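I am opening a notebook on a structure that is new to me, and I will write down what I look up as I go. My plan is to begin with burial and then turn to charges and rings.

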Amino acid sequence: MFVLRNVGKLIFGDTSKESLVELTQGQLYLVRPLSPKGYSELIFKDAAARIRRTNQDFQYQLVIQRAYEEGEEELLDDEDGEDAEIAALGAERDEKTFLLDEGLHFRSEIREGGEKVLAWRDLSGDVGDLYEFVCDNSISSTQVETFELIAVQCQYERKHRKGHQTATVEDLAQFTFDSEQPIPSASPTHSPEALSPVNTMPPPSRNTANSALKRESTPTKSRQAPVKDNAPTAAPPVLTHPEAQSILANELAELHLFDFVSGAFILQDPSVNAVVSEVGKWQYWLQISNDDKDWLGQEVIADINPVFNFEYLSFIFNAYTPSGDAYSWLLRFKDQDTETRFQEGLMQALWEQLNEIKWNKSKEDDRDYVLEAFQDLAMEDAPEEEEEVEEEEIEDDGQKSEHYDSDEDEDDVVTRDDDGNVNSQLAVGYKHDRSFVVRGSKIGVFKHTPNNNLEFSTNISKVETPNGKLFSPKKVMLHAEDTNMILQNEADPNSLYRMDLEYGKIVDEWKVHDDIPVNTFAPESKFAQMSGEQTFLGLSRNALYRIDPRLAGNKLVDSELKQYVSKNDFSAAATTEKGYIAVASNKGDIRMFDRLGINAKTHIPALGEPIIGLDVSADGRWVLATCRTYLLLIDALQKDGKNEGKLGFEKSFGKDSKPQPPPSWSYSSSPLSFTPARFNTGEGLSETSIITATGPFIVTWNMKKVLRGSKDPYSIKRYAEEVKADNFKYGSDKNVIVALPNEVNMVAKQSFKKPTRESIATPARIGGGSFGGRRSDAGRVGTRESGRYKLGKEDVVNSPY
């Protein structure tokens, strides 16, 4: 006898939602026909499959729920104890849910011998990976046919946002996927050989005799139509290529194009010439063609996001149409020597295009570093550990919109300003549970509530100099136990301003130096804002110095100034808990110092793109740099040589032992523009996660997974609008504070999903809540979707900070 375990609330609702159809007994397998990880894995020995409604119209879930033998559930409950969070995690472990979407390619087969199988794609797995539900012998063919038919109807409703009752057979036929290959057996007699990811399964077509639609009674002639296949992605028109002045690489390769329908790279041409050429004025071109056809022309720029994989002899990159549409291509070379030659030519072109310096004028070590950095490498630092299960946290995606006005009345809180300003910067408090959001010349203040929400506290309506001149801060930094905020006015690069947050006004103007401007600034040490420390670091384009507001006159400390003759174009800085300093530049290089006023202990060569953000772990082990199209994670610990065990901040790396080329995260089928990435932080805590955003996506990486070289070390959350700023709540990596153009919110990291078509395509909305979690509708005007939506009186918290 088997008992189904009850589960808690899931993404789209709870288990009380109505089930449309159910297969009461079977086994769930994960089958990997092309993977070196192993052929198949038994997920649930005994399980039930059902289709159920969600709390959203026209959205349905395929649910596979584990069954227990009698008494087994009680034993597990005893082990878990009464902790609700542990019980919730156990519930997730015992149920697999899949949004019924055509991307699953859900289908069924009834095989010779009577075995009945349901199959659908694993969208978060490798190419060719499938989930298979093998029905028990007690399940009839009619039940399986009914199950698939209802699944088809649900997919139709999701795609067309209307009921299936008016759909014709040809309308529904597009969801039968009859052209798919036969479903592989979940229990083969032997495991197949590991194959390259660009290889595909054998070509025999699927027997469509068992399609649920074909087993229906024959409809009238006017409604009959052949099954409509989803056409594979076609190559876009080729751009006219400029005349080459010199050739940097010319190699033979196979050409593959990523097919958005199947989620795999499809062979386009078995033999093409891949040519990298210089076309003048630091411009370079990649042309792919054969004797009869031009396949592709693409300017060599950072947005191509190059990734070389020498294990599979492949090179993956993006190419763009004039309208901005992105296509992902793959070149496969015959051997490593061929790929190495092509890589050298392409990386030379990319590096010269970004730096406007000839490749042969750089040091050989630096060239090797650049070449290795864009290989698809896994780091070797972290040992295998059991998967860390994150705690269940309650998420309230309530809208935290704000109207920063000095004399707001009881209903004067709206989502957009008439002056066109939007949220631009975020400063998260360390000492006090506050976050500050810059919006033009206004600053919104938000309180962190005990249940991990944001509550609008007050606003600072006018950011103005002591002389009364209004300005929009270019950069802000909390200071002196979060009682002050340092602000930068772009119109006055030689001065900074101190705002007293208790009064909400600027009280001091600090003239830093008459001739040396402030390009950016950073705290004296990682947790300086937790203390009364007054000094902090300043950077100009070619100088690094200490600022002491207590000095009379100019605030720059002359004895702690390091000025370079060359234009290093410094762009960002970060400090460790001990006060070690990392400085990055728009050239893309990084310098590490143990103190001010001296030469850098370590210099990390530029990969090409400007570095727009920098963070360092508290202990100085990890340096995290943000470029527009990729992130760099650099290990600063020396593992060999006379300085083994020392950080690059403390001792120079040996000539042959530069920091390991970092993993770079860049591969995407759309243009990237990352916000400055950050570690989670807190005194006495280890860095476990990384957060950044690009466009409407927030992305978080798990450090352990990154260091293990896991296939999917990151998860994402999509919003309907561009993410302007983001950071972890201080002292935890479980909650993320997000600033959209007109809204601010705190979200649980657990709400982030693995990168699948669903998680990428479906935006989250900040709606359904209110300031402080109130639910009253009193006084509200309009709907949350309207441009002039106003919150009611009970939504506004106007307590002074």
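Before reading any accessibility value, I note the cut-offs: a residue is buried under 20% relative accessible area, exposed over 50%, and partly exposed in between. I also keep in mind that this is a predicted model.

**Entry 1: a salt bridge between two loops**

I looked up Asp-569 and found a relative accessibility of 26%, which falls between the two cut-offs, so Asp-569 counts as partly exposed. Its partner is Arg-541, and the two side chains meet in a salt bridge with N and O 3.1 Å apart. The pair links distant parts of the chain, since Arg-541 sits in the loop between β25 and β26 (543-547) while Asp-569 sits in the loop between β27 (556-563) and β28 (570-575), 28 residues apart. Arg-541 is partly exposed as well, with a relative accessible area of 41%.

**Entry 2: a salt bridge with buried partners**

Next I asked myself whether Arg-591 is buried or exposed. With a relative accessible area of 12%, Arg-591 is buried, and I placed this residue in strand β30, which covers residues 590-593. Its side chain meets that of Asp-589 in a salt bridge of 3.2 Å, taken from N to O, and Asp-589 counts as buried too, at 7% relative accessibility. I then noted a network elsewhere, in which salt bridges that share partners join Arg-107, Arg-121 and Glu-180. Returning to Arg-591, I checked its position against Ala-573: the two are 18 residues apart in sequence, and their C-alpha atoms are 9.5 Å apart in space.

**Entry 3: the salt bridge count, and a helix tied to a loop**

How many salt bridges are there by the rule used here? The count comes to 28 salt bridges, and one that I followed up joins Lys-159 to Glu-102, with the closest N and O atoms 3.4 Å apart. Lys-159 lies in helix α3 (residues 141-160) and Glu-102 in the loop between β5 (95-99) and β6 (107-110), so this pair ties together parts that are 57 residues apart in sequence. Lys-159 itself is partly exposed, at a relative accessible area of 39%.

**Entry 4: aromatic rings**

I turned to the rings, remembering that a pair is described by the distance of the centres and the angle of the planes. The count by the rule comes to 21 aromatic pairs. For Phe-521 and Phe-536 the ring centres are 6.2 Å apart and the planes stand at 65°, so I recorded the pair as edge-to-face. Phe-521 belongs to strand β24 (residues 520-523) and Phe-536 to strand β25 (residues 536-539), and the pair therefore ties together parts 15 residues apart in sequence. Phe-521 counts as buried at 2% relative accessibility, and Phe-536 counts as buried at 0%. I also found a cluster in which ring pairs link Phe-98, Phe-106, Trp-120, Tyr-131 and Phe-147.

**Entry 5: a charged patch**

Last, I asked which residues form a positive surface patch. The patch is made by Lys-578, Lys-642, Lys-646 and Lys-651. I looked more carefully at Lys-651, which lies in the loop between β34 (631-635) and β35 (664-665) and is partly exposed, with a relative accessible area of 41%.

Key. Residues numbered from 1 in each chain as written. Predicted model: local features only at pLDDT ≥ 70, side-chain atom pairs only at ≥ 80, totals over all residues. Heavy atoms only, no water. Patch = residues over 30% accessible without salt bridge, like charges linked within 9 Å, V, L, I, M, F, W, Y side chains within 5 Å. Areas by Shrake-Rupley, 256 points an atom, 1.4 Å probe, with all protein chains shown as cover. Salt bridge = Lys/Arg side-chain N within 4 Å of Asp/Glu carboxyl O. Lys, Arg positive; Asp, Glu negative; His and termini not counted. Charge placed at Lys NZ, Arg CZ, Asp CG, Glu CD. Helix = DSSP H or I, 4+ residues; strand = E, 2+ residues; numbered from the N terminus. Buried < 20%, exposed > 50% of the residue type's maximum accessible area, 1.4 Å probe, protein only. Phe/Tyr/Trp six-rings, centres within 6.5 Å; stacked < 30°, edge-to-face > 60°.
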